[in-house]
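Visitor: I would like a quick walk through this model. Short answers, please.

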Amino acid sequence: MYPKADNMLPYNGLLSSFSYHCIFPVRKTDKPILIKVSGMSLRRLLFFIFLFNFHQLLSQSSKAKLDDFARETDATITLSAATGNPEFIRFSGNRPLLLGTGTPLQATENFISLYAGTLGNPDLSIQLEHLRTEVDPFGFEHITYQQFINKVPVFGGILKWHFDQDRKLRVLNGVFLGQTKINTIPSLDRETAIAMAVDQISSQMKISSSTLSGTSKQLCIFRKGLIQGIPGDNYLCYEIEVQSADHSVREFVFIDAQEGTIVERYSGIHNILDRKIYQTSLNNLIWQEGDSQDGLNQWQKNEVETAGQIYYLFKNTFGFISYDNMDSPMHTIHENPAINCPNANWNGSTANYCDQTASDDVVAHEWGHAYTDYTNNLIYAWQSGALNESYSDIWGETVDILNGYEDAGENLSLRTGCGSSDRWMLGEDASAFGGALRDLWDPTCKGDPGKVTDTEYSCSSGDNGGVHTNSGVNNHAYALLVDGGTYNNQTITGIGFTKCAHIFWRAQKIYLTSTSDFKIQADALEAACMDLMGVNLEGLSFTETPVGLSGQIITPADLLELQKVLLAVEMRSDPPCNFTPLLAEQALLCQQSIPDSAIFFEDFENGLIAWTVSQLPNHPESWEPRDWQLIDSLPDGRLGKGVFAPDPINGDCQTDLQNGILRLESPAINIPSESGAISLAFDHWVSTERSWDGGNLKIKINNDPWTIIPSNAFLKNGYNLTLNTSQNDNPLAGEKAFSGSDGGSVRGTWGTSLINLSTMGIQSGDQIKLRWELGTDGCNGISGWYLDDISIFSCAACKDSIELSNYWVDQQLSFEGGIEITTSDTLTSNSNILYSAGQVINFNSGFAIDTGSAMEARIEGCNISPAYFRVNHLPLVRILIADLIKQTNKNQAYFPEPRIVLTSKSGKVLATKDILVHLQNSTLEIHNLSRGKYFGTIYFENNKSNFQLEVK
């Protein structure tokens, strides 16, 4: 903990900007820099509902096919949270899948032909192209395909088939998109995209564009959210790699080839430490292979020696020669002036260290990133980035604990608690760090999660989605599997380094892809373990002399220990994060809100006629001119025109100050006489620098001064936070505002804000004006604020009574006026009751229900909050009494007054009924049963017969 300076932000743990991370308080100019993005979706709600229902039907059909496939083949299937498609299919070790007598490549073609539709994309057979076939040292054959759509590759769209020595399919894994319609002809040329990427990185990282160069990796179809493991849209993108001449910058930027906006960006520089301290006065000392080590300090010697140790570990143990498997030279730069000391990193071409950082585990860690780059290339963000970081920690500690190098004074005994020994402590010998950075044996000792549901699990988009923090989960899995222990109700017997290292390397090399997450890692580890059963494993080597066969053989008992580890760290659990949109879904409004019925309606299709825009910079001399502007390329594919206030990535919060206000002011709006309660609705999309930049809505009533519309006037989608006051030079600092972006991303989602203007005293005959204001601080931003479809309206007064026959309302409704609710059925608890004004009515006990399906409904003519509610038509169950009576072995045609008792699963009596039952006319109807199991008994004379119902 460091003292807080007056001009610094409060210390909140690990703060970051891009890929450099610090534990020091960060100056205002170092706050995280975010990215301008846009997306695609739908505009009209009815169209959305149609597509959603259609998608649900398709999803249900696809799931049924997968369930059948899993039963038929005894397969375990893991679905991708991002695509909804299978991402890992593992067949039973006792029953691998045999696909004919041909070669594995022919078997793969057979599988694609037979099961493409089952997997969720019947077009796969024409979209997949064979990339390569590899045979590993154990005789397994691995066949890799790439998905293309209209000859454009899908980013991360890699599928792998893995056949055992008997040519039976053990595993199928990878990522692919379902049936996708996308324009694959770019509107933007490649050179323009490169220039845009370079300009964006130059602006965001505050470095001259003349020092940067961009290379177009490919034109690809990019699935937004794939890296984060959340659903998203598909984009045609140029993948651009931006680098600086000194290799201190390596960023991968995905530019929308249609709209020219940034869709995604992630770092290609992998750091040992999540802190960033900028220093510029370092000497650049380069050690080259073959030079004498005389005159090198101990840290430089460590860089040379440990690079050799990890080289031999992978070459002699796993048959992987140098980090790229092409025996490339391993270049190291000591005291590289381009990195922020104390730190170390891999930048895609060299390993780089500040003085006093290059302990053996740190050096092995950085080279571990290089091996990841050339095996699965795990994207350095969210869970895939956490795995990237973790694999470097794993190899770093494997080298450190076993290499017998620089261990003087170290205690490497088995751990019993935080700090009980040096075993599994990362960077403990790097004096520049002042102590270990992470703890693999118990990550919580260093503030990192040991399992997915730990409170330490990072849900923030900072640190590239928590890559240095959430790496603790996979780190802990490795240490537990090596040493064993009791954790999270699981007692694990350790299997040792040799078995564990082989399992993790095989998962890394064979099964993981660039977007793999923790669930896929769990599948990959199990598959790797099963592959290696019965194999005499090569010993772990750290010198040029191979150890030879170790005598270590993986058994089914080892697989059981691995499975207990995966349960202990909750590798397959969903993270404790609630990534929700900033704005909720759009509301259904009463009929009076549509253009022809509203008091005032503006959709900007005819431009900004009668509207006023203005910009009020605090520092005109450095202000970059911008304003609310008419725009016809709205995000998420919204049709038509709208207006947009930019929140650009600009300024430096020191001399280039960009703080000011953008105003959009409406014409005067007259409220007609005899109006009822007045409502205001507007659609908008928000993505600004959270807490620093944001916007709100102000109103002027008659000749009164302008005032902000208060939070309590919003019925839906109100302000989400108050803008920072400390260190914030935004003119709106301290005001309620819409600020930030959707959880887990830097983009927004369209939503409708609904305001009850009557709470502000607006009456018939008043004149009002509205003003949307976006305020920005001195530097940085993301995208901005989009606005469309503004409606001022007055719903007709509520009727004195409304009959809600056959509706069950699973929501709370708040009525503005008294209303009598009646129901036509026998559930009288909610009937004929007069509710007073403003009372919240809970209808959860329900009304009588007929058969039908769920639907959306609203009470026309009434101002209610929310403006719509959901009604569910619950099942009507018909019980054929005749069949039940036959179970009593009575054959009479007429039975006087049998009695039926229906109970719930808990035994609660739901209904009793005495009824005359005739054998030819014997149906009893029971209404309003929710899903579940029910039990009943029919009594007649001295006999009884039990029955059971299940409502699905």
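Guide: A definition to begin with: two strands pair if DSSP finds at least two bridges between them. The model is predicted.

Visitor: In β6, which residue is the bridge partner of Thr 133?

Guide: Strand β5 covers residues 128–135 and runs antiparallel to β6, with 7 bridges joining them. The cut-off for pairing is at least two bridges. Within β6, Thr 133 has as its bridge partner Ile 143.

Visitor: Which residue in the hairpin of β5 and β6 takes a positive phi?

Guide: The hairpin has 5 residues between its strands. A phi near 90° belongs to one residue there, Gly 139.

Visitor: How many bridges join β6 to β7?

Guide: β7 spans residues 152–163 and is antiparallel to β6. One bridge pair is His 142 with His 162 in β7. The hairpin has 2 residues between the strands, and Asn 150 in the turn has a positive phi of about 55°. The bridges joining β6 to β7 number 8.

Visitor: How many of the 9 residues of β6 are buried?

Guide: β6 runs over residues 141–149. Buried means under 20% relative accessible area. The strand is mostly covered, and its buried residues number 8.

Visitor: Is Asp 439 buried or exposed?

Guide: Asp 439 sits in strand β19, residues 438–439. The cut-off for buried is under 20%. Asp 439 has 2% relative accessibility, so it counts as buried.

Visitor: What is the length of the polar contact that joins the side chains of Asp 439 and Arg 415?

Guide: Arg 415 is among the contacts of Asp 439 beyond four places in sequence, as are Trp 424, Met 425, Cys 445 and Lys 446. The side chain of Asp 439 also reaches the backbone nitrogen of Asp 442 at 3.1 Å. For the side chains of Asp 439 and Arg 415, the polar contact is 2.6 Å.

Visitor: What does Gly 229, at 22% relative accessibility, count as?

Guide: Gly 229 lies in the loop between β9 (212–223) and β10 (234–244). Buried requires under 20%, and exposed over 50%. At 22%, Gly 229 therefore counts as partly exposed.

Visitor: What volume does the second largest cavity have?

Guide: The whole structure holds 4 cavities of 30 Å³ or more. Gly 229 helps line the second largest, as do Ala 81 and Ala 82, and Gly 229 touches both of those alanines. By class, the lining has 4 nonpolar, 3 polar and 2 charged residues. The volume of the second largest cavity is about 60 Å³.

How values were computed:
Residues numbered from 1 in each chain as written. Predicted model: local features only at pLDDT ≥ 70, side-chain atom pairs only at ≥ 80, totals over all residues. Heavy atoms only, no water. Helix = DSSP H or I, 4+ residues; strand = E, 2+ residues; numbered from the N terminus. Buried < 20%, exposed > 50% of the residue type's maximum accessible area, 1.4 Å probe, protein only. Contact = heavy atoms within 4.5 Å. Polar contact = N/O pair within 3.5 Å; in protein donor to acceptor, adjacent residues only side chain to side chain. 1 Å grid on protein atoms, 1.4 Å probe; cavity = no way out; pocket = protein on both sides within 12 Å on 5 of 7 lines; lining within 4 Å. Points joined across faces, edges and corners; volume = space filled by probe spheres on them. Nonpolar A, V, L, I, M, F, W, Y, C, P; charged D, E, K, R; others polar.
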